[in-house]
Amino acid sequence: MKFKNLTVLILSGVVFMLAGEAFACRASRDMKHNFAVNFESNPPIRIYGDGEGSTILPQMIDKCTESAGSFLMLSKGVYMPSDVSDVADISLDGDLPDENICKIENAIFSKPMDHNQKKSLVKRQHKFLQQCAFVTVAEVNGRPLRYKSDQEYCKTTPQGASMVQMEGEYCFLTINPSYNLSITMGLKPECATQEKMKELGLEFGDIEAALNSYVAGDDSGLSPDVTAIGSSRYRFTLQAPAGMMELSEDVGMEAPRFPTTYNAEFNMGDLQFRQAGEERVDLNMYLSVDNRQPLFCNQAGLCTAPSAYNIPVAAEVEVFKVGSQKSVFVDGWTSGGTIQGNWQGLMRFPQQSIDGLNFVKGERYKVVVTMIDPFEDFYIYLNQAEQFLIDLKAATGVAGLDQIQSIQPLADLLGLPRLAGLPHISSGDLNSDLDMSLSYFKKLGSTRLWPTYYERLCDPSHGQCYLSGKQKFWNRFSAEFTVGDKGNGGIFDLTDIRVIKESPAGVVMNKKVQTLPRYRCEP
């Protein structure tokens, strides 16, 4: 019971991460780390993401002057999104609460996700993390590390005076203000076996995890004095054998092979329009996504499905003003993100500003989402985001008056590192900040290791699958509505809503709904 209480305290600390950083240690914002486990390769565990010669760049922790006498606490957890993609949960103890005050209202899913299924998945993935992952801490300047060797929830294995391997739910080190620490997570080779997978009840697929670091008042595991200072993202890809499903091209040791069947159900989600000044409307848009399909198993009792892996989600979005005679095009763009395996919920697209538009009560509009190819759509979106950053480098303005809007919403893409918020135009660091953000997109898109090309595109509501590139689109859905009054936060109410969904074979859904699917939390 005390562990659950500790988990709550830690998660509460995450909320105040930025506020605490001024008084605690400094942690680097590192790239996401990707591990592949393939029983058919030698070695069976390897890293991927940067092409040949990939390395894991450690998270660095330093500047601990204000934290002298405190403790560095490290904890591993399974990264599990909630019912909406822009609210993330990290389960540090492998448990999920039964009581959920937040839910999706008016959901459009063929089959809602059972909470017990979600709990079981988190529990099994957390068990894998605790039994198979270890943390290595090294003081890069050779200073000796100080820690208890007999910690209650952590096994310590010294690798010399300035390095230690730590295994467990919560591990502690005494902070030296001069420390310059390198922290990485790895996998035990003995876990890369089919026997271990069967023991843990895991299926082949992706596991998203996090290594969190905190400054704690003591090393009891019960201190209320806990400040979160950093979190590193990890993706563990358990590759299915080639005989179990169609896999992407074998490019050698540098990358795992992913499913070439794309199988997820999509529908319209919430549309939140807000007037953002004269001739400008901001749109926060969500899609209903169900990346869950039945598993299939081999003779050894190991199971998988394409939906057990992360998927890219991207589409062309168009807005039309509906008139009595015809509809008039207002604006269009490509947007996207990524979704975890075995996930169902509302996926949030980055906020979009529509210039030259004023919403007027009683006017009618239509938002159309068109999916052509998940691989190509995703890279079109990334290239547009990259070009946006390049264009900003030519921006001019009046120092102290003009301001560049933050590109932080782009960082809501799962799998992308956090992007620095852009400063005012008058900042002397503008170009360096843009270069840093631009490098993230280039690094993500230059390897083409993931996502890979998909051959078959399936949405269960269609009743059939389609071959990539053989039709003008493979999925299209829309919402037509009338603008109502301004509600909470200046968001317009939408009335008289009709949702339509089409496959290449024809219309698969056409109905009126009271409201679009939306995420609500009880007070």
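Colleague: Which ring does R233 lie over, and at what distance from the ring centre?
Modeller: In this predicted model, R233 lies over the face of Y79, at 3.8 Å from the ring centre.

Colleague: And which ring has K366 over its face?
Modeller: That ring is F320, with K366 at 6.0 Å from the ring centre. K366 also appears among the contacts of S478.

Colleague: Where is S478, then?
Modeller: S478 is placed in strand β27, which covers residues 475–486.

Colleague: Is S478 buried or exposed?
Modeller: S478 is buried: its relative accessible area is 10%, and the cut-off for burial is under 20%.

Colleague: Which residues is S478 in contact with, leaving aside neighbours within four places in sequence?
Modeller: The contacts of S478 are M268, K366, V367, V368, R498, V499 and I500.

Colleague: Changing topic, how many aromatic pairs does the count come to?
Modeller: The count comes to 21 aromatic pairs. One of them joins Y262 and W474, whose ring centres are 5.7 Å apart with the planes at 85 degrees, so this pair is edge-to-face.

Colleague: Which parts does the pair of Y262 and W474 tie together?
Modeller: Y262 lies in strand β15 (residues 261–263), whereas W474 is in the loop between β26 (465–467) and β27; the pair therefore ties together parts 212 residues apart in sequence. Y262 counts as buried at 2% relative accessibility, and W474 counts as buried at 1%.

Colleague: What about F359 and Y365, stacked or edge-to-face?
Modeller: The pair of F359 and Y365 is stacked, at 4.8 Å centre to centre and with 25 degrees between the planes. F359 is buried, with a relative accessible area of 8%, and Y365 is buried at 1%. Both belong to one aromatic cluster with F273, F481 and F492.

Colleague: Now the strands: how many bridges join β1 to β4?
Modeller: Two bridges join strand β1 (residues 26–27) to strand β4 (residues 59–62), and these strands run antiparallel. A27 stands opposite I61 in β4. Three bridges join β4 to strand β12 (residues 181–187), also running antiparallel, and M60 stands opposite S182 in β12.

Colleague: Which elements have the lowest and highest mean pLDDT?
Modeller: Helix α1 (residues 2–15) has the lowest mean, 33, and strand β24 (residues 364–371) the highest, 98. The protein chain averages 83, and 81% of the residues score at least 70.

Colleague: Where does pLDDT stay under 50?
Modeller: It stays under 50 over residues 397–428, for which the model has 71 contacts beyond four places in sequence. Residues 442–447 are also below 50, with 11 contacts beyond near neighbours in sequence. Where pLDDT is low, the predicted coordinates should not be read in detail.

Key: Residues numbered from 1 in each chain as written. Predicted model: local features only at pLDDT ≥ 70, side-chain atom pairs only at ≥ 80, totals over all residues. Heavy atoms only, no water. pLDDT = per-residue confidence, 0-100. Helix = DSSP H or I, 4+ residues; strand = E, 2+ residues; numbered from the N terminus. Contact = heavy atoms within 4.5 Å. Buried < 20%, exposed > 50% of the residue type's maximum accessible area, 1.4 Å probe, protein only. Pairing = 2+ DSSP bridges. Phe/Tyr/Trp six-rings, centres within 6.5 Å; stacked < 30°, edge-to-face > 60°. Lys NZ or Arg CZ within 6 Å of the ring centre and 35° of its normal.
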